[in-house]
Amino acid sequence: MGNVILIGFMGCGKTTVGLRLSYRLRKAVIDTDKEIEREEKRTIADIFATDGEPYFRERETACLHKLIKSVSNQIISAGGGLPLREENRKLLHKLGKVFYLRADAETIYERLKGDTTRPLLQDSDPKTKIRTLMEQRDGCYRKAADVVIQVDGKSFEQILDEIEARVSDWV
Ligand code: S3P
């Protein structure tokens, strides 16, 4: 399969790192959220509002099954909640090498305050919500990951250098 997979909490930088890595490694990038939005012809916020989170989670697993059949040697940026399901973690491992971009709750809060596109953060106290979700999720992200990259305070160039070094160890 040979894909490079980026996981981590909302706002950890998966989309930007994925795009920049795609230039560096000359590989195409796929974003599971965008794939789902394209297939459903509506935004994630609409999907959550109309059909609820459980429906969205089914779509994520279906998306991974599809990628397993169709994608190799690419970069895959996974939605923040995708690695929470054990089945999805197995599928991620099949797909390639998994990099967890790990950020502190404070970093995430600063990046995402005012964001309206993430249904799970439309809360009266987003700071506490971020902290709570991160505590619940960190173990799953670690279980899913082959490599953990701590991103706080690092430039994108530094993060890309770290990922690139680990990718070349592997291929
Ligand atoms: C989610 C993260 C989002 C998106 C959805 C749910 C989550 O993706 O899949 O809003 O549960 O963490 P990003 O991590 O790309 O923001």
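This briefing covers the ligand site and the salt bridges of one structure. The model is predicted. Its ligand is surrounded by 13 residues, and the space the ligand takes is the largest pocket. Beyond the ligand, a search of the whole structure finds 21 salt bridges.

**Around the ligand**

- The closest of the 13 surrounding residues are K14, D33, R57, R118 and R137.
- By class, the shell holds 5 nonpolar, 3 polar and 5 charged residues.
- Helix α3, residues 44–70, gives the largest share of this shell, with 3 residues.

**Polar contacts and cover**

- D33 uses its side chain: one of its N or O atoms is 2.7 Å from an oxygen atom of the ligand.
- G81 uses its backbone instead: an N or O atom there lies 3.2 Å from a ligand oxygen.
- R137 uses its side chain, where an N or O atom is 2.7 Å from an oxygen atom of the ligand.
- On its own, the ligand has 390 Å² of accessible area, and the protein covers 95% of that.

**Salt bridges**

- One of the 21 salt bridges found in the whole structure joins the side chains of E157 and R24.
- The N to O distance in the E157 and R24 pair is 2.9 Å.
- E157 belongs to helix α7 (residues 156–170) and R24 to helix α1 (residues 14–25), so this pair ties together parts that are 133 residues apart in sequence.

Conventions:
Residues numbered from 1 in each chain as written. Predicted model: local features only at pLDDT ≥ 70, side-chain atom pairs only at ≥ 80, totals over all residues. Heavy atoms only, no water. Near = heavy atom within 4 Å. Polar contact = N/O pair within 3.5 Å; in protein donor to acceptor, adjacent residues only side chain to side chain. Areas by Shrake-Rupley, 256 points an atom, 1.4 Å probe, with all protein chains shown as cover. 1 Å grid on protein atoms, 1.4 Å probe; cavity = no way out; pocket = protein on both sides within 12 Å on 5 of 7 lines; lining within 4 Å. Sits in = over half its atoms within 2 Å of the grid points. Helix = DSSP H or I, 4+ residues; strand = E, 2+ residues; numbered from the N terminus. Nonpolar A, V, L, I, M, F, W, Y, C, P; charged D, E, K, R; others polar. Salt bridge = Lys/Arg side-chain N within 4 Å of Asp/Glu carboxyl O.
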